[in-house]
Amino acid sequence: MSDILVKIHRAAPYGMITLRGDLSSTALQKAATDAAGVAFPETGMCVFEGKSGLSWMSPDELLVLMPHDQIQSTLAQIEKALNSTHFLAADVSDARAMFTITGPHWRDVLAKLTPADVHPDSFQQGHFRRTRLAQVPVAFWQSSADTVTLICFRSVADYVEGLLVNAGRAKSNADYF
Amino acid sequence: MLILTCPYCGVAADETELTPGGEAHLTRETVGADDAAFEGYLFKRENPKGVHFERWRHAYGCGKWFHAARCTVTLEVFGTYPAQTTEPPKDIRDKITAKRPGWSWRDFG
Ligand SMILES: [Zn+2]
């Protein structure tokens, strides 16, 4: 469609595991980094390599991302590594939807829908921002120079897609960033 | 517009990303409290024009409860601090004293 400013793509089901526990524990840090094959993220950040990554969700929660066919093996690996410690690992893949928004105007599109500061000075590659998109909770991170990846609950995925498509109409370009 | 920085994740969160939790530092009275203490816990609230201490939850973010010190007149935010304290920390109180000499709020000031 030529009247759309950015390319909005609803991704195929992706592997997501919620890992809760003491993020300062070396056992948990090792289990997470071994499972995802990336370094441990700092507060408010995410680390990706290829299709796997770790995102900092809260002081006691990480989101482990991986290809959909690796969920069970990753989950088993985490559970084995943290056996007998206090933690929770849950496959939340089916509860989530993922979108990519591609094009030089992705910041303009997001800024119409979220109160989060998406200015290039504040939001850059590596940042993981949990916020809201219009009326629903989402999280997003910049996955390449002109792409932002966004996750939300699957139950509101159609709503989110509608929001993005509407905010992405070429004639509504705010052209601020 | 009110912007509070969550002390847990460092995000400068807009008011609409937060859930208000009312007045901060209330003592939860329980079994053994007399009627006056219980009435205070249930009903007596500060409603200041000026310095105020509140609880907020980073609902559209990390999900944690935290405290905020702000001015109800100007919306100036003096600071935010974690929930694991029963009174405003000294550095926050000092910051308020520097900006609002003579302030008072409940037993503080
Ligand atoms: Zn937070």
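Trainee: What pattern does chain A follow, read along the sequence?
Mentor: This is a predicted model, so treat it as such. Chain A has 4 helices and 10 strands. Read along the sequence, the pattern is β-β-α-β-β-β-α-β-β-α-β-β-β-α.

Trainee: Which radius of gyration does chain A have, and what would a compact globule have?
Mentor: Start with the length, 177 residues. A compact globule of that length would have a radius of gyration near 16 Å. The value for chain A agrees with this: 17 Å.

Trainee: What does the C-alpha trace of chain A span along its principal axes?
Mentor: Take the C-alpha trace and lay it along its principal axes. The span is then about 55 × 30 × 30 Å.

Trainee: Which domains does the assignment give for chain A?
Mentor: There are two entries in the assignment, domain 1 and domain 2. Domain 1 is written in two pieces, 7–11 + 95–169. Domain 2 covers 15–94.

Trainee: How many residues does each domain bring to the contact?
Mentor: The C-alpha centres of domain 1 and domain 2 of chain A lie 22 Å apart. Contact here means heavy atoms within 4.5 Å. Domain 1 of chain A gives 10 residues, and domain 2 of chain A gives 15 residues.

Trainee: Is A:Met98 buried or exposed?
Mentor: A:Met98 is found in strand β7, residues 96–102. Its relative accessible area is 8%. Buried means under 20%. Therefore A:Met98 counts as buried.

Trainee: Which residues does A:Met98 touch, leaving out those up to four places away in sequence?
Mentor: Several come from early in the numbering, including A:His9, A:Arg10, A:Ala11, A:Tyr14 and A:Met16. A:Leu65 is on the list too. The others are A:Trp141, A:Thr149, A:Leu150 and A:Ile151.

Trainee: Is A:Ser155 buried or exposed?
Mentor: Look in the loop between β10 (147–153) and α4 (157–167), where A:Ser155 is found. Its relative accessibility is 70%. The cut-off for exposed is over 50%. So A:Ser155 counts as exposed.

Trainee: What separates the C-alpha atoms of A:Ser155 and A:Arg96?
Mentor: Along the chain, A:Ser155 and A:Arg96 are 59 residues apart. In space, their C-alpha atoms are separated by 7.9 Å.

Trainee: How many positive and negative side chains does chain A have, and how far apart are the centres of the two sets?
Mentor: Count the charges by sign: 15 side chains are positive and 18 are negative. Each set has a centre, and the two centres lie apart by 5 Å.

Methods
Residues numbered from 1 in each chain as written. Chains lettered and ligands numbered in written order. Predicted model: local features only at pLDDT ≥ 70, side-chain atom pairs only at ≥ 80, totals over all residues. Heavy atoms only, no water. Helix = DSSP H or I, 4+ residues; strand = E, 2+ residues; numbered from the N terminus. Rg over C-alpha atoms; globule rule 2.2 N^0.38 Å. Lys, Arg positive; Asp, Glu negative; His and termini not counted. Charge placed at Lys NZ, Arg CZ, Asp CG, Glu CD. Domains from an automatic or database assignment. Buried < 20%, exposed > 50% of the residue type's maximum accessible area, 1.4 Å probe, protein only.
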